Amino acid sequence: ITDILCLPDLDEVLKNTVPIPGTKISPTDWLYYTPEEYQMHLEYILWYMDTYPNYHVILLDKPLFDNVTVYVKGNCFALLIRENYPFALFEVTEQALIASLHEHLWRLIKETSHIDSRQTVAKRLRSELKQLKKAMKKN
């Protein structure tokens, strides 16, 4: 399992303006992280990394796509969610298309600035978590 993430600006997290991935599929149902929820999310990612050696995280400096979320589950299905108007959700179950999308995502990742070393990712996530906790104490 590989999650591809862009860490939001902590000021945006503290303002409750960071959308929870996968919830921006309609103009009225957007959900946003509270700082406490975002803290739990980071802790869960770190727990998952510590517990499951086959779980990987790639940190990107910027998203691969603007206003689009992509989920790929092996060769089973892919979801493409357009997050701005007009909203759209596409489910792909054709294995050849899923494999092509998966390969395309890996090519894009290789062409962009990213961190994929397990130790470096964990260190960055722990640092982000520490900064978040410190900022939450101030507020």
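Aspartate 50 counts as exposed, at 55% relative accessibility (over 50% is exposed, under 20% buried, in between partly exposed; 1.4 Å probe, protein chains only). The exercises start from this residue. The model is predicted: local features need pLDDT of at least 70, side-chain atom pairs count only at pLDDT 80 or more, and totals for chains, interfaces and linings use all residues. Residues are numbered from 1 along each chain as its sequence is written, and side-chain values use heavy atoms, leaving out hydrogens and water.

**Exercise 1. Find the salt-bridge partner of aspartate 50, and say which helices the pair ties together.**

Step 1. Apply the cut-off: a side-chain nitrogen of Lys or Arg within 4 Å of a carboxyl oxygen of Asp or Glu.

Step 2. The partner is arginine 126, at 3.2 Å from N to O.

Step 3. Aspartate 50 lies in helix α2 and arginine 126 in helix α4, so the bridge ties together parts 76 residues apart in sequence. Helices here are DSSP runs (H or I, at least four residues), strands likewise (E, at least two), numbered from the N terminus.

Step 4. Check the partner's exposure. Arginine 126 is partly exposed, at 39% relative accessibility.

**Exercise 2. Work through the salt bridges of glutamate 43 and glutamate 12.**

Step 1. Glutamate 43 pairs with lysine 133; their closest N and O atoms are 3.7 Å apart.

Step 2. This pair also links distant parts of the chain: glutamate 43 sits in helix α2 and lysine 133 in helix α4, 90 residues apart.

Step 3. Glutamate 43 is partly exposed at 30%. Lysine 133 is partly exposed at 36%.

Step 4. Glutamate 12 bridges to lysine 15, with closest N and O atoms 4.0 Å apart. Glutamate 12 is partly exposed at 32%, whereas lysine 15 is exposed at 55%.

Step 5. The total count is four salt bridges.

**Exercise 3. Test the length of helix α4, then sort its faces.**

Step 1. Helix α4 covers residues 118-138, 21 residues in total. The expected span is 1.5 Å times one less than the number of residues.

Step 2. That gives 30 Å; the end C-alpha atoms are 31 Å apart, which agrees.

Step 3. The buried residues of α4 are Val121, Ala122, Leu125, Glu128, Leu129, Leu132, Ala135 and Met136.

Step 4. Seen down the axis, these buried residues fall within an arc of 155 degrees, so they line one face. The arc uses directions from the helix axis to the C-beta atoms.

Step 5. The face turned away carries exposed residues, including Lys123, Lys130 and Lys134.

Step 6. The cover over the buried residues includes α1, α2, β2 and β6.

**Exercise 4. Decide which residues glutamate 128 touches, and how far away the nearest side chain of opposite charge is.**

Step 1. Glutamate 128 lies in helix α4. This residue is buried yet has no salt bridge.

Step 2. The nearest opposite charge is arginine 124, 4.6 Å away. Lys and Arg count as positive, Asp and Glu as negative; His and the chain ends are not counted.

Step 3. Leaving aside residues up to four places away in sequence, glutamate 128 touches Leu7, Pro8, Leu10, Tyr38 and Leu42. Contact means heavy atoms within 4.5 Å.

**Exercise 5. Report the confidence of the chain and of its extreme elements.**

Step 1. pLDDT is the predictor's confidence in each residue, from 0 to 100.

Step 2. The chain averages 86, and 96% of the residues score at least 70.

Step 3. Among the elements, β6 has the lowest mean pLDDT, 76, and α2 the highest, 95.
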